[in-house]
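Here is a friendly walk through one model, with the cysteines and the ligand site as our two stops. Have the structure open and follow along.

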Amino acid sequence: MTCDIISLAVTGVRGLTPYEPGKPVEELERELGIRDSVKLASNENSLGPSPRALGAMRRELGKVSYYPDGNGFALKQALATYHGVPSTCITLGNGSNEILELVARAFLQPGLEAVFSKHAFAVYPVVVQAVGATARVAPANSPEHAMPYGHDLNALAALVTDKTRVVFVANPNNPTGTWVNGTSLCDFIGSLPPTTLVVIDEAYFEYVEAPDYPNAIRWLERFPNLVVTRTFSKIYGLAGMRIGYGLSHPHIAEIFNRVRQPFNVNSLAQCAALAALQDTAHVARSRAMNESGLVQYSQAFASRQLGFIPSVANFICVNVGRTALSVYQALLREGVIVRPIASYELPEYLRITIGREEQNQRVIDALDKVLGL
Ligand code: PMP
């Protein structure tokens, strides 16, 4: 007897489509029989992991027959000191994605709603829908706005009702690279009912240079409904290790602790993160590379009259003036992997991760060739 397995899946899951990651270098090289391709598609750190993190992992390797510390004691202590918060505020996750998922699993269910912006990070709709809750998507800023396609906090606030249990704000947002300033964000959080959790996703925090860009962690004491997420995947160069964390009132952390898997963060990830946190030189190098890379791309796009979304993160979106999918495919044939973002309703844009200067130049040269510039 055959049976329609899809109809057996829970309601929310039936309508989901899998998250599409950036194409791995190995896959492209296998498919095209080429070498030396460059991947600037998943907002990874092109300087690689911190050498101190690599050393720490090598020293830890012989101990992997043991389970990791399920409470992440050493790393939580270090993060608590680093951020000036009690360690009871911290929840470690298998990437910050896991924290987003824990929020949904612990606080959403059918009949409840989550609010986020159009063009916001793709994992928000997935985690909301997977638990059968309803997503309310607010209109984003207009293309003419100083933060084109960015979050419109008033539009988000307008969707909040007594059914809204979670609001997600990515600051800065992926894929737009736009951000919201401290005064507006603080007022927005203060305007929410205490029964609505607000998640400020700061995956790209360490890259941002803008003077009035806020650190939402400093509002934790003021707002017991606030969750801030951070990650080791971006500036710390540990995307493959899968480690991120949430900061919140200890009452919320205690709820996450009930639903997370007992050993959700592996031991190599924990020791790598601890070492990476202390490697301030690597962070500074990565930040400097990003700052000059953003200038390199912005100048290249401006001089070619290509529209782009001003970004403060480690990626930038460029308008290629036509359906970007074909440009993406032509760039693949040049050995360059970037990210088309039609799934974010920005079909004429490509998102490019900021890399090392020579990598960025390679992308710009390939774009010139493909676009006939
Ligand atoms: N938030 C945003 C805005 C992101 O862009 C990403 C990564 N693409 C994440 C969260 C999750 O990253 P990770 O799970 O690697 O920490």
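## Cysteines

Let's start with the sulfur atoms: this is a predicted model, and the number of disulfides in it comes to zero. Take C186, which belongs to no disulfide; its nearest cysteine sulfur is that of C89, 17 Å away. A disulfide needs two cysteine sulfur atoms within 2.5 Å.

Is C186 buried or exposed? C186 counts as buried, because its relative accessibility is 13% and the cut-off for buried is under 20%. C271 is buried too, with a relative accessible area of 13%.

## Around the ligand

Now turn to the ligand, which takes up the space of the second largest pocket. The residues around it start, in sequence order, with G95, S96, N97 and F121. Carry on along the chain and you will meet N174, D201, A203 and Y204, then T231, S233, K234 and R242. Sorted by class, this shell holds three nonpolar, six polar and three charged residues.

## Polar contacts and cover

Which atoms of the ligand do the side chains of N174, S233 and D201 approach? For N174, a polar side-chain atom lies 2.7 Å from a ligand oxygen atom. D201 places a polar side-chain atom 2.6 Å from a nitrogen atom of the ligand. With S233, the partner is an oxygen atom of the ligand, 2.6 Å from a polar side-chain atom.

As for cover, the ligand on its own has 400 Å² of accessible area, and the protein covers 94% of that.

How values were computed
Residues numbered from 1 in each chain as written. Predicted model: local features only at pLDDT ≥ 70, side-chain atom pairs only at ≥ 80, totals over all residues. Heavy atoms only, no water. Near = heavy atom within 4 Å. Polar contact = N/O pair within 3.5 Å; in protein donor to acceptor, adjacent residues only side chain to side chain. Areas by Shrake-Rupley, 256 points an atom, 1.4 Å probe, with all protein chains shown as cover. 1 Å grid on protein atoms, 1.4 Å probe; cavity = no way out; pocket = protein on both sides within 12 Å on 5 of 7 lines; lining within 4 Å. Sits in = over half its atoms within 2 Å of the grid points. Nonpolar A, V, L, I, M, F, W, Y, C, P; charged D, E, K, R; others polar. Buried < 20%, exposed > 50% of the residue type's maximum accessible area, 1.4 Å probe, protein only.
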